[in-house]
Amino acid sequence: MTTTQHSISPTTAPVGAPTELDLGVSGMTCASCVRRVEKALGRVPGVTAVSVNLATERARLTFAGPPDVKAAADAVEAAGYHAEKREFDLSVTGMTCASCSGRVEKALSRLPGVESAAVNLATERAHVVAFAGSVDIADLIAAVEKVGYGATPVGQGGEQAEEEARADRSRRELHHVLIAAALSAPLLAGMVGDLFGANWMLPGWVQLILASIVQFWLGARFYRAGWNAVRAGAGNMDLLVALGTSAAWGLSLYLMLTAHDGHEPHLYFEASSVLITFVLFGKWLEARAKGQTAAAIRALMDLRPATARLRRDGVETEVPVERVHVGDHVVVRPGERVPVDGRVVEGSGGVDESMLTGESLPVDKEPGARVTGGSINGDGLLVVETTAVGTETMLAQIVRMVEGAQASKAPIQRLVDRVSAVFVPAVLAVAALTLAGWWIVGGDLEAAIVTAVSVLVIACPCALGLATPTAIMVGTGVAARHGILIKDAEALERAHALTAVAFDKTGTLTEGKPRVTDLIPAEDTDGETLLRLAAALQAGSEHPLAHALRDRAKAAGMAAEAVTDFRALAGRGVSGTVAGRRLQLGNVRAVEEAGLQPGPLAEPAEALAATGRTLSWLIEVGETPRLLGLVAFGDTVKDSAITAVASLKAQGVEPVMVTGDGWGAARSVAAALGIERVFAEVLPGDKAAVVATLKGEGKVVGMVGDGINDAPALAAADVGIAMATGTDVAMHSAGVTLMRGDPRLVAGSIDVSRRTYSKIRQGLFWAFAYNVIGIPLAASGNLSPVLAGAAMALSSVSVVVNALTLRGWTPPKNEDLR
């Protein structure tokens with residue numbers, strides 16, 4: 001359970017008595033803020049007293065009756081402040097179908113102060129967002145229990161305890177399946193014997209005993225869950241199974257008791273017993289399959305080692321990873337997993353980060369390089385200074401993001417929820433009409449009951465409830481394994497429909513690290529002198545062009561020279577003194593202000609500018625200023641960018657480039673990559689406007705960026721895609737985060753979205769088609785109860801197994817996309 005604010009629940013009081021409520025309020029900075037909030041809350045109907053504390057950022061309200069938390073929160077927001085919220089995650093037990101998850105969701109949503117509640121049948125979890133002070137975890141658990149289900153806070157007892165409980169439940173359910181099968185086999189043998197003309201039928205009283213054990217002991221779960229549904233004024237799969245099998249068992253008992261002496265009536269005990277056996281078997285298979293959908297999360301969590309080797313005062317000690325603190329030095333030997341996020345301070349070697357980024361090749365790490373907890377140290381001894389532990393590590397953030405995506409609800413699920421809400425009542429109505437129709441038309445009550453039983457047991461709301469969440473769980477999990485983090489189900493669903501992807505150029509399609517491409521000295525200067533003086537002048541600058549010059553000088557074996565009187569010239573460049581010579585390195589504006597002309601350098605300068613190069617002129621300033629030469633810089637196109645653009649085109653997606661660079665640089669990069677549409681000289685604040693322009697053309701737009709200035713455009717796009725090599729702001733604004741700076745993953749994220757959405761549609765089609773075809777077949781008498789039960793049991797299993805085929809997904813090659 002994660003919380004953003006700890007607060008007190010409303011004081012328990014009789015109806016009509018005054019009640020108190022604590023509400024978290026953020027954004028207040030002074031006493032006038034306090035007065036404004038107090039006035040706003042004082043105008044809320046029913047509030048008799050308000051006290052706002054600036055230090056604790058709390059508002060205490062007294063209501064004349066039951067508190068209206070939503071009205072109080074709205075008043076705080078209207079006053080320009082923020083009503084704090086809490087988030088709760090519950091593990092819910094006892095749900096068997098979409099009707100169950102819908103009922104739990106409604107019960108939680110009805111609680112005062114709950115803003116939203118989402119219940120996931122596949123994960124058996126509920127995520128609740130509530131205004132702080134309105135409810136606590138006990139209120140939520142009580143609401144779930146009131147409608148007949150169980151709930152506990154997620155994380156209580158730890159993941160290992162939860163996994164052990166799931167394994168115990170699976171073993172217990174398997175034992176029940178085997179016992180039910182053993183007791184049903186003799187009953188089924190009699191029916192099989194009839195097909196071959198053999199009389200293997202057991203005496204009626206033996207059939208009654210065997211069927212009753214299956215019906216009322218092994219099938220007790222259906223009665224309990226069905227009764228809870230009835231008490232809550234709703235229905236579910238368990239109610240259908242309980243009614244159908246009880247009807248078959250009751251009819252058999254009636255026929256046995258009313259049979260004439262010497263006459264052996266046809267009994268249906270085998271139908272009720274085999275039905276329960278099939279359903280139990282189906283639920284066990286379904287639970288096992290659902291457990292596999294969470295394999296990606298478990299694999300990520302298993303990456304973190306349980307212990308770390310601390311080095312303190314030269315002594316190495318192995319301790320639980322929970323005892324490592326920020327700043328501690330951790331020793332990682334070859335072949336071991338890095339236990340924490342940190343920075344290498346000693347040693348070097350290749351580190352395998354494939355489980356986190358999807359990058360198969362080891363990444364070389366030297367002192368100063370960052371390492372991520374969960375990665376594997378390859379061939380060197382590393383000493384790592386810890387920079388993040390626990391929930392702040394990259395691995396923990398990835399797990400949280402994937403869990404959040406798996407717990408979220410896709411827009412298409414809303415249709416399923418509406419259908420599920422009326423499904424069971426509709427099936428009960430169809431079964432009642434079937435019973436009445438067969439009895440009235442045929443006059444045979446026995447045949448009418450058997451046919452109605454078939455209708456009850458073939459109907460399956462489970463498949464409807466599982467089709468969307470299981471596909472989303474598997475899709476987001478396998479995407480995370482390949483370095484694609486999907487924020488929520490809505491982003492996953494939208495990404496499949498993208499028709500255009502806009503790329504920010506620098507750092508996304510290019511390396512974002514300029515390099516010196518050309519050194520053109522004036523007639524009285526040589527290239528070596530030009531580079532030496534320019535690099536010395538930039539010795540104290542952190543500008544990317546300065547780094548490029550120093551790197552070029554270092555590669556040429558030049559020693560760094562001292563610079564004095566260094567100054568940054570706004571909009572022009574820099575100036576300083578090197579070896580007694582007053583120098584200036586700047587743009588063409590600096591040349592013009594010095595009263596100089598490019599002369600013979602004009603022609604090469606024009607040619608370089610046309611190819612997108614950035615130009616810097618070195619000027620010696622004195623009584624007679626003169627040009628010493630020209631330095632050209634260029635950004636390197638990523639090797640993977642050409643493949644990425646080709647992949648998008650193969651998918652039918654239009655690549656678009658958006659950049660603040662000039663048209664020369666933009667056209668040069670676009671031509672190299674094969675991008676036809678370019679927006680150049682775009683100010684940072686106008687990138688969102690470019691996205692709006694594309695959307696105005698009827699396109700579904702994705703935006704790919706990595707910087708703070710990309711955040712508004714990422715938020716404006718239908719799907720924002722951020723490079724994890726960029727800023728946190730960009731990542732928070734995006735629906736998809738790529739864990740390595742490889743633009744090829746953009747096509748991969750679209751492909752996994754399309755594959756996942758295809759599985760959702762396949763699952764929903766099968767679930768709807770199964771019920772649309774199966775229920776009429778059963779109502780027409782063309783399906784026996786035993787076959788109906790087998791079909792129902794296998795329908796939900798088939799939906800989950802179909803979703804599990806996504807686990808083999810890998811980012812496609814170009815030829816796979818055509």
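Start with the whole chain in cartoon view: its secondary structure comes to 29 helices and 30 strands. Both kinds of element are DSSP runs numbered from the N terminus, with helices (H or I) of at least four residues and strands (E) of at least two. You are looking at a predicted model, where local features need pLDDT of at least 70, side-chain atom pairs count only at pLDDT 80 or more, and totals for chains, interfaces and linings use all residues. Residues are numbered from 1 along each chain as its sequence is written, and side-chain values use heavy atoms, leaving out hydrogens and water.

Now switch on the surface. The chain has an accessible surface of about 35,900 Å², and 57% of that belongs to carbon and sulfur atoms; such areas come from the Shrake-Rupley method with a 1.4 Å probe, and for residues only the protein chains shown count as cover. Of the 818 residues, 49% are buried. Here buried means under 20% relative accessible area, exposed over 50%, and partly exposed in between (1.4 Å probe, protein chains only).

**First stop: a four-stranded sheet**

Select strands E5 (85-93), E6 (114-120) and E8 (150-153), and E7 (residues 125-131). They form an open sheet in the order E6-E7-E5-E8, with antiparallel pairing. Two strands count as paired if DSSP finds at least two bridges between them. E6 and E8 are the edge strands, each pairing on one side only. Neighbouring strands are turned by 25 degrees against each other on average, direction ignored; axes are lines fitted to C-alpha atoms (for helices over the stretch in contact), and angles run from 0 to 180 degrees between N-to-C directions.

Zoom in on E6 and E7, which pair over six bridges. There, serine 116 stands opposite valine 129 in E7. Next add helix H4 (residues 137-146), which packs on the sheet and touches E5, E6, E7 and E8. The direction of H4 makes about 35 degrees with that of E5. Contact means heavy atoms within 4.5 Å.

**Second stop: a nonpolar patch**

Show Ile179, Trp205, Ile209, Ile213 and Trp217 as spheres: together they form a nonpolar surface patch with about 500 Å² of accessible area. Helix H6 (residues 204-218) supplies the largest share, four residues. Patch residues have over 30% relative accessible area and no salt bridge, with nonpolar side chains (Val, Leu, Ile, Met, Phe, Trp, Tyr) joined within 5 Å and like charges within 9 Å. A salt bridge is a side-chain nitrogen of Lys or Arg within 4 Å of a carboxyl oxygen of Asp or Glu. Pick tryptophan 205 in H6; its relative accessible area is 56%, so it counts as exposed.

**Third stop: two buried residues**

Go to isoleucine 276 in helix H9 (residues 269-293), which is buried because its relative accessibility is 0%. Beyond neighbours within four places in sequence, isoleucine 276 is in contact with Val214, Gln215, Gly219, Phe222 and Thr245. Then jump to tyrosine 757 in helix H27 (residues 744-779). Tyrosine 757 lies 282 residues from glycine 475 in sequence and 8.9 Å from it in space, C-alpha to C-alpha.

**Last stop: a hairpin**

Select strand E9 (residues 307-312) and strand E10 (residues 315-320), an antiparallel pair with six bridges. They form a hairpin with two residues between them, and aspartate 313 in the turn has a positive phi of about 55 degrees. Look for arginine 311 opposite glutamate 316 in E10.
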